[in-house]
Each structure stands twice: as C-alpha cells, then as structure tokens.
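This report is meant to be read beside the sequence and the coordinates. Please keep both in view while going through the sections.

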Amino acid sequence: RLELLSLEKEQDVAPTGMFSVGGGGLSGTLPSLNGLPRIREVYLGHNSFTGTIPNDFLKGVADKSLLLVVDLSYNTISGTIPSSFSNFADLRLELERNQISGIPDE
C-alpha cells in the first residue's frame with residue numbers, strides 16, 4: 001500500500017498517506033489517482049499539467065469524511081471543478097494560478 005511517494009527535492013516528510021510530485025517538472029494531463037484509497041494529501045503544484053481535472057481524479061478515496069488536501073496550484077489546468085469533489089466532507093483544494101472557469105452548483 002502506498003503511503004508516501006515524493007519526487008520533490010530535499011523534502012523531509014513522514015509517511016502519512018501523501019502523494020507529492022510538486023515542482024517535479026511534470027507535464028501533460030492530470031492522471032487519475034482513483035487507485036489510492038488511503039490518500040490524504042496530494043501535492044501536484046508547480047508543474048505543467050494542462051487540460052481539465054478528471055471526473056474520477058479522487059474517486060477511489062475510501063473515507064471521504066476525513067480531511068483531504070489537494071494542491072494543484074501553479075499549473076495550466078482549465079475547465080470546471082468536478083462535481084464529485086462535493087462528496088468530500090473536508091476538502092482543502094488549492095487551485096491558484098490555473099484557468100478554472102467554474103464551480104458546479106451542488
């Protein structure tokens with residue numbers, strides 16, 4: 001089971017259900033992370049991701065009542081925030097410096 005994957009330089013983080021590739025120079029469309037049921041933190045900021053946030057981006061998260069931190073800031077992501085994000089009771093979503101065009105009505 002994945003508890004920590006980090007490709008950042010000089011990072012000192014304890015394994016706590018984190019997925020981090022912030023500042024990793026990644027590009028392309030955002031991958032779906034629906035195969036990570038225990039993920040609690042996702043750091044994909046400061047990359048070159050384009051396109052929209054996939055509808056199934058976090059579909060596989062098992063406990064949607066716990067805090068989930070998602071940092072997608074400083075990419076080139078466009079479109080609307082997926083309506084499936086409303087299933088999370090405590091979602092901290094960082095999207096600054098993207099081209100998000102809307103938030104779903106739900």
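The text below describes the overall make-up of the chain, then its strand pairing, two loop residues and a salt bridge.

**Overall make-up**

The model is a predicted one, and its protein chain contains zero helices and nine strands, so that the order along the sequence reads β-β-β-β-β-β-β-β-β. Of the 106 residues in the protein chain, 36% are buried. The protein chain exposes about 6000 Å², of which carbon and sulfur atoms supply 48%. When contacts between residues at least 6 apart in sequence are considered, 42% of them join residues at least 24 apart.

**Strand pairing around E7**

Strand E7 covers residues 76-80 and takes part in a parallel pairing with strand E5, residues 48-51, through two bridges. Within this pairing, Thr50 has Thr76 of E7 as its bridge partner. Strand E7 also pairs with E9, again in the parallel sense, and here three bridges are found; Ser78 stands opposite Gln99, a residue of E9.

**Two loop residues with positive phi**

Where along the chain does Tyr74 lie? Tyr74 belongs to the loop that links strand E6 (67-71) to strand E7 (76-80), and its phi is near 55 degrees, a positive value in a residue other than glycine. A second residue of this kind is Arg97, with phi near 65 degrees, and Arg97 lies in the loop between strand E8 (90-94) and strand E9 (99-102). With regard to the surface, Tyr74 counts as partly exposed because its relative accessibility is 37%, which falls between the cut-offs of 20% and 50%, whereas Arg97 is exposed, with a relative accessible area of 60%.

**The salt bridge**

How many salt bridges does a search of the whole structure find? The search finds one, and a salt bridge is formed by Asp90 and Arg92, whose closest N and O atoms are 3.5 Å apart. This pair qualifies because the cut-off for the distance from the side-chain nitrogen to the carboxyl oxygen is 4 Å. Asp90 is partly exposed, at 27% relative accessible area, and Arg92 is likewise partly exposed, at 45%.

**Accessibility of the residues discussed**

The table collects the relative accessible areas of the residues described above.

| Residue | Relative accessible area | Class |
|---|---|---|
| Tyr74 | 37% | partly exposed |
| Arg97 | 60% | exposed |
| Asp90 | 27% | partly exposed |
| Arg92 | 45% | partly exposed |

Conventions:
Residues are numbered from 1 along each chain as its sequence is written. This is a predicted model: local features need pLDDT of at least 70, side-chain atom pairs count only at pLDDT 80 or more; totals for chains, interfaces and linings use all residues. Side-chain values use heavy atoms; hydrogens and water are left out. Helices (H or I, at least four residues) and strands (E, at least two) are DSSP runs, numbered from the N terminus. Buried means under 20% relative accessible area, exposed over 50%, partly exposed in between (1.4 Å probe, protein chains only). Contact means heavy atoms within 4.5 Å. Accessible areas come from the Shrake-Rupley method with a 1.4 Å probe; for residues, only the protein chains shown count as cover. Two strands pair if DSSP finds at least two bridges between them.
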